[in-house]
Amino acid sequence: MAKKIKSANFVWEGTNRKGMPVKGEIVGQNAAMVKAQLRKQGVNPQKVKKAPQPLFGLGGGGAKGKKVKSADITFFVRQMATMIKAGVPLVQSFDIVADGVDNPTMKALIFELRDTVSAGNDFASALKQRPDLFDDLTCNLVEAGEQAGALETMLDKVANYKEKTEELKAKIKKGLTYPIATLTIAFAVTALLLIKVVPTFEDMFSSFGAELPAPTQFVVMLSEMAQAYYIPVLAILAGTIFGFSYMMKTSQAFKDSFERATLKFPIFGDMIRKAAVARYARVLSTTFAAGVPLVEALDSVSGAVGNVVYRNAVLSIRDEVATGQQMHFAMRATGVFPNMVIQMTSIGEESGALDTMLDKAATYFEQEVDDAVEGMTALMEPFIMSFLGVVIGGLILAMYLPIFQMGSAM
């Protein structure tokens with residue numbers, strides 16, 4: 001593995017080929033290498049110095065700036081595939097892609113990769129230096145492309161895979177975000193009514209001197225409890241969320257148990273199963289079509305399915321295939337794959353078109369996830385509206401009930 005090369009931001013001033021003054025910022029290892037790099041770009045450097053560190057280390061493409069998201073990586077891979085397919089040299093492709101990136105941290109990452117490649121390392125080695133951003137599948141496919149002299153083809157395959165993966169993640173996120181956001185807002189509005197609004201009505205009711213209706217008494221009781229305990233409840237809720245996030249990041253056993261439990265959730269569990277099968281078929285289709293041996297491809301797939309049940313199933317399939325077992329038999333033995341995928345795999349193995357059949361299976365299950373999200377959203381909308389109407393409408397009606405009774409008694 002290539003030794004990681006440290007780089008820093010430099011600001012420079014100079015003149016271009018026409019003698020016009022120019023200036024800018026660039027990432028490099030030292031001032032001498034930055035000057036050499038600028039001369040290659042047709043710039044005569046006059047002043048080169050390290051860029052000043054901004055307050056709190058933010059901005060300027062520093063490591064503590066805006067976070068690099070998976071969507072940024074997907075965009076980068078697609079743009080690099082386009083540049084190289086168009087015949088643009090690899091190092092120059094980095095500069096062109098960086099110019100179209102708004103995220104300063106992503107821009108700094110691209111310059112870091114460019115400098116690593118400029119120093120004589122291959123593209124795959126540069127990517128492997130950032131395992132937090134580039135997974136093994138991406139690195140392996142890029143390495144295979146460089147060795148075979150088909151880097152643009154492999155980058156195109158990686159870009160397609162990542163775009164499909166991002167699309168699938170967006171569908172699942174859409175399905176989960178809507179009900180969670182709506183119920184969170186409903187909870188906040190209900191808490192606001194109980195803590196701030198109901199006490200105002202309670203003070204007014206105390207001057208009536210008459211017994212309040214049962215629904216109003218119930219709401220007043222809830223209000224008193226909310227006023228007395230809302231701070232401990234919020235603290236427990238925040239602690240639970242923090243503890244859950246911490247355990248998911250630090251405890252593999254806890255994360256595995258949660259992933260197993262999600263498959264048993266009503267509605268959501270079926271969607272998660274379909275998404276895992278879609279990822280399995282998509283990644284395996286991509287790697288196998290790229291010429292990666294099946295056993296090695298299954299290794300990459302195991303880390304991409306997104307659920308421990310399917311990860312263990314893929315590892316089991318890998319072990320069976322390594323001993324000479326046909327893949328569709330190994331898939332059937334796990335008991336977690338739908339019959340349709342198993343049969344399409346069988347047809348692919350017999351016809352020598354496994355990557356094509358897996359691609360069709362991936363497309364089918366990605367559409368299934370899309371349909372499941374739309375169906376769940378359509379199912380949840382009337383339920384959530386009914387819940388909001390009963391809870392919030394019931395609170396408001398209970399508060400106005402004594403006023404209605406006074407009006408009818410007069």
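Is Ile317 buried or exposed? Select Ile317 and take a look: this residue is buried, with a relative accessible area of 0%. Keep in mind as you click around that this is a predicted model.

**Stop 1: around Ile317**

Colour helix α12, residues 308-322, and you'll find Ile317 in it. Now add Phe329 to the selection. Ile317 and Phe329 are twelve residues apart in sequence, and their C-alpha atoms sit 8.8 Å apart in space.

**Stop 2: the big pocket**

Next, turn on a surface and go to the largest pocket, which has a volume of about 1800 Å³. To land in the middle of it, select Ser70, Thr165, Lys169, Arg279 and Gly306; of the 45 lining residues, these are the closest to the pocket's centre. Then bring up the helices around them. The elements that give two or more residues to the lining are α2 (70-85), α6 (136-148), α7 (151-206), α9 (252-262), α10 (268-289) and α11 (294-302). Which of the elements gives the largest share of the lining? That's α7, with eleven residues. If you colour the lining by residue type, expect a mix: 21 nonpolar, ten polar and 14 charged residues.

**Stop 3: salt bridges, starting at α4**

Time for some charged pairs. The count for the model comes to 15 salt bridges, and a few are worth a visit.

Select Asp95 and Arg114 and show their side chains. The two meet in a salt bridge, 2.4 Å from N to O. Asp95 is in helix α3 (residues 90-99) and Arg114 in helix α4 (residues 104-118), so you're looking at a link between distant parts of the chain, 19 residues apart. Arg114 is buried, as its relative accessible area is 1%.

Stay on α4 and pick Glu112. Its salt-bridge partner is Arg130, with the closest N and O atoms 3.5 Å apart. Glu112 belongs to helix α4, while Arg130 sits in the loop between α5 (123-128) and α6; this pair also links distant parts of the chain, 18 residues apart. Are these two partners buried or exposed? Arg130 is buried, with a relative accessible area of 18%, and Glu112 is buried as well, at 14%.

**Stop 4: next door in the loop**

While you have the loop between α5 and α6 on screen, click on Gln129, which is in that loop too. Gln129 has a relative accessible area of 8%, so it counts as buried, the cut-off being under 20%. Add Cys139 and draw a distance between the C-alpha atoms: Gln129 and Cys139 come out 9.9 Å apart in space, and they are ten residues apart in sequence.

**Stop 5: a long-range tie**

Now jump along the chain to Glu368 and Lys274. They form a salt bridge whose closest N and O atoms are 3.2 Å apart. Glu368 lies in helix α15 (residues 354-409) and Lys274 in helix α10, so this pair ties together parts that are 94 residues apart in sequence. Flip on the surface and check each partner. Glu368 counts as partly exposed at 22% relative accessibility, whereas Lys274 is buried, with a relative accessible area of 18%.

For one more set of charges, select Arg78, Lys85, Asp156 and Glu163 together: these residues are linked in a network of salt bridges.

**Stop 6: a nonpolar patch on the surface**

Finish on the outside. Select Phe187, Tyr230, Ile231, Leu234, Leu237 and Ile241, which make a nonpolar surface patch of about 590 Å². Which helix gives the most to this patch? Helix α8 (residues 214-250) does, with five residues. Tyr230 lies in that helix, and it is partly exposed, with a relative accessible area of 34%. Patch members need over 30% relative accessible area, so Tyr230, at 34%, clears that bar.

Definitions and conventions:
Residues numbered from 1 in each chain as written. Predicted model: local features only at pLDDT ≥ 70, side-chain atom pairs only at ≥ 80, totals over all residues. Heavy atoms only, no water. Patch = residues over 30% accessible without salt bridge, like charges linked within 9 Å, V, L, I, M, F, W, Y side chains within 5 Å. Areas by Shrake-Rupley, 256 points an atom, 1.4 Å probe, with all protein chains shown as cover. Salt bridge = Lys/Arg side-chain N within 4 Å of Asp/Glu carboxyl O. Helix = DSSP H or I, 4+ residues; strand = E, 2+ residues; numbered from the N terminus. Buried < 20%, exposed > 50% of the residue type's maximum accessible area, 1.4 Å probe, protein only. 1 Å grid on protein atoms, 1.4 Å probe; cavity = no way out; pocket = protein on both sides within 12 Å on 5 of 7 lines; lining within 4 Å. Points joined across faces, edges and corners; volume = space filled by probe spheres on them. Nonpolar A, V, L, I, M, F, W, Y, C, P; charged D, E, K, R; others polar.
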